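Okay, thanks for coming, everyone. I'll put the structure up first, and then we'll walk through it together.

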Amino acid sequence: MSKPRTLPQVEPFYVLIGQRMKHVREFLGKRQEDVAAKCGLTRTSVVNIEAGRQRFPAHFVEIFAKALGVKPKKLLREIWT
């Protein structure tokens, strides 16, 4: 009998991308409230995304990047190094 496959942990990705989003937002001097409004989210959602507690669809990286005025690759940089 073969050993069952284990799926990779997804939570570390959300923590890393959330930290990166927060870092870029703070570096640019943007407020959570302003980013949330541009993304169509609540400030609480932005807090949870940045903390890695809230999952989001992949296309949201582009939405968040547009709200910050950066390219999506800036948010993904250093996630997969």
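Let me start with one term, so we're talking about the same things: when I say "helix", I mean a DSSP run of H or I with at least four residues, and the helices are numbered from the N terminus. With that in hand, Arg25 lies in helix 1. Keep an eye on that arginine, as I'll come back to it.

Before that, the overview. What you're looking at is a predicted model. The protein has 5 helices and 0 strands, and reading along the sequence you get the pattern α-α-α-α-α. Of its 81 residues, 32% count as buried. And if you take contacts between residues at least 6 apart in sequence, 62% of them join residues at least 24 apart.

Now, packing. Generally, you describe two packed helices by the angle between their axes and the distance between the axes. Here, take helix 1, residues 11-27, and helix 4, residues 60-68: they pack at an angle of about 10°, and their axes are 10 Å apart. Angles under 35 degrees count as roughly parallel, so helix 1 and helix 4 are roughly parallel to each other. Who makes that contact? From helix 1 you have Met21, Val24 and Arg25, and from helix 4 there are Phe60, Val61, Phe64 and Leu68. By character, the residues of this contact split into 6 nonpolar, no polar and 1 charged.

Next, helix 2, which is residues 32-39. Which residues of helix 2 are buried? They're Gln32, Val35, Ala36 and Cys39. Look down the axis of helix 2 and those buried residues fall within an arc of 100°, so they line one face of the helix. On the face turned away from that buried side, helix 2 carries the exposed residues Ala37 and Lys38. As for what sits over the buried residues of helix 2, the cover includes helix 1, helix 3 and helix 4. And just after helix 2 there's Gly40, with a positive phi of about 75°.

Helix 3, residues 43-50, can be read the same way. Its buried residues are Ser45, Val46, Ile49 and Glu50. Seen down the axis of helix 3, they fall within an arc of 130°, so here too the buried residues line one face of the helix. Their cover includes helix 1, helix 2 and helix 4. Just after helix 3 you find Gly52, which takes a positive phi of about 80°.

Okay, back to our arginine. Is Arg25 buried or exposed? The cut-off for buried is under 20% relative accessible area, and Arg25 comes in at 6%, so it counts as buried. What is it in contact with, if we leave aside neighbours within four places in sequence? Arg25 is in contact with Lys30, Arg31, Gln32, Val35, Glu50 and Leu68. Two of those names should ring a bell: Glu50 is one of the buried residues of helix 3, and Leu68 is on the helix 4 side of the contact with helix 1.

That brings me to charge pairs. As a general point, side chains of opposite charge can pair when their charged atoms come close. In this model, the count comes to 6 salt bridges, and I'll show you three of them.

Start with Arg25 and Glu50, whose side chains meet in a salt bridge at 2.6 Å, N to O. Arg25 lies in helix 1 and Glu50 in helix 3, so this pair ties together parts that are 25 residues apart in sequence. Glu50 has 5% relative accessibility, so it counts as buried.

Arg25 also meets Glu26 in a salt bridge, at 3.9 Å, N to O. Glu26 is at 48% relative accessibility, so that one counts as partly exposed.

The third is Glu33 with Arg43, at 3.3 Å, N to O. This pair links distant parts of the chain, with Glu33 in helix 2 and Arg43 in helix 3, 10 residues apart. Glu33 is partly exposed, with a relative accessible area of 36%, and Arg43, at 40%, counts as partly exposed too.

And to tie up the arginine story: salt bridges that share partners join Arg25, Glu26 and Glu50 into one network. That's my tour, and I'm happy to take questions.

Conventions: Residues are numbered from 1 along each chain as its sequence is written. This is a predicted model: local features need pLDDT of at least 70, side-chain atom pairs count only at pLDDT 80 or more; totals for chains, interfaces and linings use all residues. Side-chain values use heavy atoms; hydrogens and water are left out. Axes are lines fitted to C-alpha atoms, for helices over the stretch in contact, and angles run from 0 to 180 degrees between N-to-C directions. Helices (H or I, at least four residues) and strands (E, at least two) are DSSP runs, numbered from the N terminus. Angles under 35 degrees count as roughly parallel, over 145 as roughly antiparallel, 65 to 115 as roughly perpendicular and the rest as oblique. Contact means heavy atoms within 4.5 Å. Ala, Val, Leu, Ile, Met, Phe, Trp, Tyr, Cys and Pro count as nonpolar, Asp, Glu, Lys and Arg as charged, and the others, Gly among them, as polar. Buried means under 20% relative accessible area, exposed over 50%, partly exposed in between (1.4 Å probe, protein chains only). The arc is that of the directions from the helix axis to the C-beta atoms. A salt bridge is a side-chain nitrogen of Lys or Arg within 4 Å of a carboxyl oxygen of Asp or Glu.
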